[in-house]
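Biologist: Could you take me on a slow walk through the empty spaces in this model, and show me what surrounds them? I am new to this, so please explain the words as you go.

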Amino acid sequence: MQRRRADRGIVDLGAAGVASIAFLLLPFAFVGDLRSGLGWLLDGRWAFLLPVIASLAAAFLARQGVTTAGLRLALAGSGLFWMILYGFHGNLIDGRPLLAHGLGAGLIASALLLQGTRALASLGAFKADRWVATTTVTILALVLTFVFFPVAKVLGSAFLDKAGNLDLTLFWARLTAPDVWALACFYSSASCGVVPNTVLLGVLAGVISTFLGLAFALLAQRGGLKNTRIFDALSVLPIITPPFVIALALVVLFGRTGIITTFLDNWLNIPRSRWIYGLPGVLIAQVLSQTPLSYMILRGALQGISPSLEEAAQTLRASRWVTFRTVTWPLLRPAIAASILLGFVESLADFGNPLVLGGSFEVLSTKIFFAVAGAQHDPGRAAILAVILLALTLTAFWMQLAWLGKKSYVTVTGKGDPGQPLPLPKAVRIGTLSVVIPWVILTILIYGIIVVGGFVQDIGRGAMQPTFEHFHTGFAIEWTQHGLFLAGSAWDSFITTVQVSAIAAPLTTIIGILTAYVLVRHDFVGRRTFEFITMLAFAIPGTVIGVAYIVAFNVAPLELTGTGLILIICFVFRNMPVGVRAGIAALSQIDKSLDEASTTLGASTGTTVRRVTLPLLKPAIIATLVFSFVHAMTSVSAIVFLVTAKYNMATAYIVNRVDAGEYPLAIAYSSLLIIFMLVVVLAIQIGIGERKIGRRQVPGNAPAPVSVGR
């Protein structure tokens, strides 16, 4: 007990030391005046010293033991409150202009947060576990800062005019604008507003991709095919493909000068048209992107249906169709709902495909982009549209829950199941083949265009002469008198993208896995609310996140726009829910007795996590690392608002090339990204290794001792 008391004092003292160093030496802000807190103190802004004094006082009291916990909590809380108040209303404290918080301020706040959570645990919260208290409160503070705060900020900005004043009349005018809600396309040749367009596109994309995914899943699981690896391979491609690359390939094939369009014109006298630009083209691109994901969801659901239930129905003289309608289909409802929801939400958030193929067909994501980046530059209008987009997404989640209800869909129990899955009826098998085969051919053709297009002169215009010109333009390397020089125009964006993704992916994994551990292994007041808060980012479309970050972090107290840090933060908290879900799924398979045994042997919670739990979570770690890295490399909807000339991303560079009509260069860059991500995914899997449980076979055929880990 004496050792633990000493540890508490040392940790709190170390936190106070970090706060003092940050105050004395480090820049207080990220941008603007980069003086340290000491510099501002010498300038007469004595109020800067108050949170550091609070931290030092809390550290001194920590040496006195548990009895001072309440006072330490009050000191740490008052220091944090002062920093928040100063960030928003600093001019009320010392009459000076606001100063954005940055690195120095962040370290001071972190020290105060650590001291406060340890004091909270000393008072009995979180079952007096300091590690759990620190982890939980820190993650909660980060999520509130980088998810709740920007979303709340964008909600509030919808009611303000350009001068920042409350204007309800302007809010109502923006909300009810004809180009937002118009339904004229349903009864005339006029265009509809962006909301009907977005909803129509989302519903069609969700339903069609689910229908096609179900056809693929039925054929793969019950169609009697000997090898379905081609389906599995096609299901991986959308994960590592930038979201607008399929739109590029469709333009190359079906644009006015496209390969198929030219063939139809020259050989069949079918006149050229622009049918690909608008709802048909965007819908095809989104369905191509989302069908493989629907296939993975629905095939997994089919594998989980107990065959004995279907056999029981047939024993009662039900036909195969009746069995499917009354047994199989109801058990597929969760997967069907998840697939439609995924297709709908991803369609709402998609920015690249509508930008390339939309034409006069406007949707909310592109309308938001042009409200921020276009000549009109109306952030208030963008905020209104972002609020509508968020409302549509949350409505979709609610409808999914309402459709599923509280029924049980459990089919797999601990009992053996000798049944065999029912094969598809011949008519259904022929029907699924007639749908699947053309779609597979189209998908292969699309990705063939992506692979070949970068190595020919201009595949979109039929100029098929082999060339490396596009790769040379983007990725030329020259030897000069000063050494190696990256002369290609795409190098800067590629290097920045790799750096940002390589930093964001491990951070996403750490935060996500730790959050999952706290949620699964520890019970504390507010745990359900904490879980909901951590999963909120999953329900927010990327376009809304991008607008929210622009609105929230363009001014004090956190002025981050124009820095590389805002890109990293955006990716970490955008992708964190995936790590949380992966961790929860993996931890549910690991018995708590392992943690209890470690604790019984005297290990702290942190040591138990590091030496016992994490080695068993390698599948979840790999899944989160791969997803977060790949998603950061290919994301466009959120970061398109956040990139700058200094911190440009690969997807933003490709979008700009498409906008300039440089399709071959865009295709070449996209194909290089796909290859690079495949290599990285394999490297992550090899580097982390597999979870191994059980005995090891050693030389001499002698079994090694049972061990856990790599």
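Modeller: Happily! On a 1 Å grid over the protein atoms alone, a pocket is an open set of points with protein on both sides within 12 Å along at least five of seven lines, a cavity is a set where a 1.4 Å probe fits but cannot get out, and lining residues have an atom within 4 Å of a point. Grid points are joined across faces, edges and corners, and a volume is the space filled by probe spheres set on them. Helices (H or I, at least four residues) and strands (E, at least two) are DSSP runs, numbered from the N terminus.

This is a predicted model, in which local features need pLDDT of at least 70 and side-chain atom pairs count only at pLDDT 80 or more, while totals for chains, interfaces and linings use all residues. Residues are numbered from 1 along each chain as its sequence is written, and side-chain values use heavy atoms, with hydrogens and water left out.

Let's begin with the largest pocket, which has a volume of about 1800 Å³. It is lined by 49 residues, and those closest to its centre are Leu-293, Leu-342, Glu-346, Phe-538 and Phe-627. Several helices give at least two residues each to this lining: helix 13, helix 15 (320-349), helix 18 (379-404), helix 22 (527-535), helix 24 and helix 27 (618-634). To sort residues by class, count Ala, Val, Leu, Ile, Met, Phe, Trp, Tyr, Cys and Pro as nonpolar, Asp, Glu, Lys and Arg as charged, and the others, Gly among them, as polar. The lining of the largest pocket then splits into 32 nonpolar, 12 polar and 5 charged residues.

Now move to the second largest pocket, which holds about 1200 Å³ of space. Of its 35 lining residues, Gly-106, Ala-109, Leu-142, Thr-145 and Phe-146 lie nearest the centre. Two or more residues each come from helix 4 (69-94), helix 5 (103-122), helix 6, helix 21 (491-521) and helix 24. Helix 6 has the largest share of this lining, with 9 residues. By class, the second largest pocket is lined by 28 nonpolar and 7 polar residues, with no charged ones.

Next come the closed spaces. The model has 2 cavities of 30 Å³ or more, and the largest one has a volume of about 90 Å³. Its lining consists of Phe-216, Phe-231, Leu-234, Ser-235, Leu-288, Thr-291, Pro-292, Tyr-295, Trp-439 and Thr-443. Helix 10 (229-236), helix 13 (279-303) and helix 19 (426-453) are the elements that give two or more residues to it. Helix 13 gives the most, with 4 residues. You met helix 13 earlier, since it also supplies at least two residues to the largest pocket's lining. The largest cavity is lined by 7 nonpolar and 3 polar residues, and no charged ones.

The second largest cavity has a volume of about 30 Å³. Look for Phe-146, Val-147, Ala-537, Ile-545, Tyr-549, Cys-570, Phe-573 and Arg-574 around it. Phe-146 is a familiar name, being among the residues nearest the centre of the second largest pocket. Helix 6 (130-157), helix 23 (542-552) and helix 24 (564-587) each bring at least two residues to this cavity's lining, and helix 24 gives the most, with 3. By class, the lining has 7 nonpolar, no polar and 1 charged residues.

Finally, let's follow one lining element outward. Helix 21, which lines the second largest pocket, comes with its axis within 13 Å of that of helix 26 (residues 605-616), and the two cross at roughly 110°. Here, axes are lines fitted to C-alpha atoms, for helices over the stretch in contact, and angles run from 0 to 180 degrees between N-to-C directions. Because of this angle, helix 21 is roughly perpendicular to helix 26, a label for angles of 65 to 115 degrees (under 35 is roughly parallel, over 145 roughly antiparallel, and the rest oblique). Ile-513, Leu-514 and Tyr-517 in helix 21 are in contact (heavy atoms within 4.5 Å) with Thr-605, Val-609, Thr-613 and Leu-614 in helix 26. The residues of this contact divide into 5 nonpolar and 2 polar, with no charged ones.
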